[in-house]
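Reader: I should be grateful for a close look at a single part of this model. Please describe one helix in detail, together with what surrounds it.

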Amino acid sequence: MNSNPTGATLDIVSDVVCPWCYIGKQRLRRALDRLDPAIELSIRWQPYELNPAMPPGGLERSAYYTAKFGSEAGAANLIANVTANAHEDGLEMDYSRIARVPNTIAAHRLIWYAERTDCQDAVVDGLFRAYFVEGRNIEDNDVLAEIAVAAGIDSDAVANLLAGDEGLDIVSQAAKQAHRAGIQGVPAFIFNDRFLFSGAQSPETIALSIERAVAKGL
């Protein structure tokens, strides 16, 4: 799913702590396999913050989810449902390993930077796995650096990025713009700068939506 500059652009607006974005990425992968090979797409990952007010360092996961979903039982039911969906799609997911829900702006900045070396897809995969499977702190610079290097980004370049604030304003404004544009549910799919749909739709629905957009010349 690396970018291809000769085709149309599909932007996916998502947050790396959004379980449906994790599932939606897997469904997108299967949808792309269904497309006519003549359809060329540049895939770009755009930032979204499920909780723009999340403090640096994040919040303890259990307390945060209980407050967000109204009760421990409500949070447990939602986690069980999303975990079952992930497993049905062949994805690992283990919420028991997640201690804290992080602020995700640093992770989004890494995704933004990864576009330069055409490895956004691998970075997003690494972030999702680190959080949803391994329960790692994806706000931590050491974790981010490890994910970046594994995806193919030069270690010195990553160190320089994480030591400064390059791209912070760009990413922050892009995340805010997504909210201002009315995006309330992610993942959201945007084809050639036009909103296509939101949610972790089935591979069949994703493929059909893209094919229809191509046919309409959007």
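Author: The account below follows helix H6 from its start to the residue after it, and then turns to a pair of helices elsewhere in the chain. The model is a predicted one. Helix H6 comprises residues 141–151. At its start, Asp140 places a side-chain oxygen within 2.9 Å of the backbone nitrogen of Asp142.

Within H6, the buried residues are Val143, Leu144, Ile147, Ala148 and Ala151. These residues lie on the same side of H6, because the arc they cover around the axis is only 130°. The spacing follows a general rule: an α-helix has 3.6 residues a turn, so residues three or four places apart point the same way. The buried residues of H6 pack against three partners, namely helix H4 (105–114), helix H5 (120–133) and helix H7 (155–163). On the face turned away from that buried side, H6 carries the exposed residues Asp142 and Ala150. Asp142 is thus an exposed residue of H6 whose backbone nitrogen is approached by the side chain of Asp140. After H6 comes Gly152, which has a positive phi, near 110°.

Elsewhere, the axes of helix H2 (residues 61–69) and helix H3 (residues 72–88) come within 7 Å and cross at roughly 100°. An angle from 65 to 115 degrees counts as roughly perpendicular, and H2 is therefore roughly perpendicular to H3. H2 contributes Arg61, Tyr65, Thr66 and Phe69 to the contact, while H3 contributes Glu72, Gly74, Ala75, Leu78 and Ile79. Sorted by class, this contact of H2 with H3 has five nonpolar, two polar and two charged residues.

Definitions and conventions. Residues numbered from 1 in each chain as written. Predicted model: local features only at pLDDT ≥ 70, side-chain atom pairs only at ≥ 80, totals over all residues. Heavy atoms only, no water. Axes fitted to C-alpha atoms, helices over the stretch in contact; angles between N-to-C directions. Helix = DSSP H or I, 4+ residues; strand = E, 2+ residues; numbered from the N terminus. Parallel < 35°, antiparallel > 145°, perpendicular 65-115°, else oblique. Contact = heavy atoms within 4.5 Å. Nonpolar A, V, L, I, M, F, W, Y, C, P; charged D, E, K, R; others polar. Buried < 20%, exposed > 50% of the residue type's maximum accessible area, 1.4 Å probe, protein only. Arc of directions from axis to C-beta. Polar contact = N/O pair within 3.5 Å; in protein donor to acceptor, adjacent residues only side chain to side chain.
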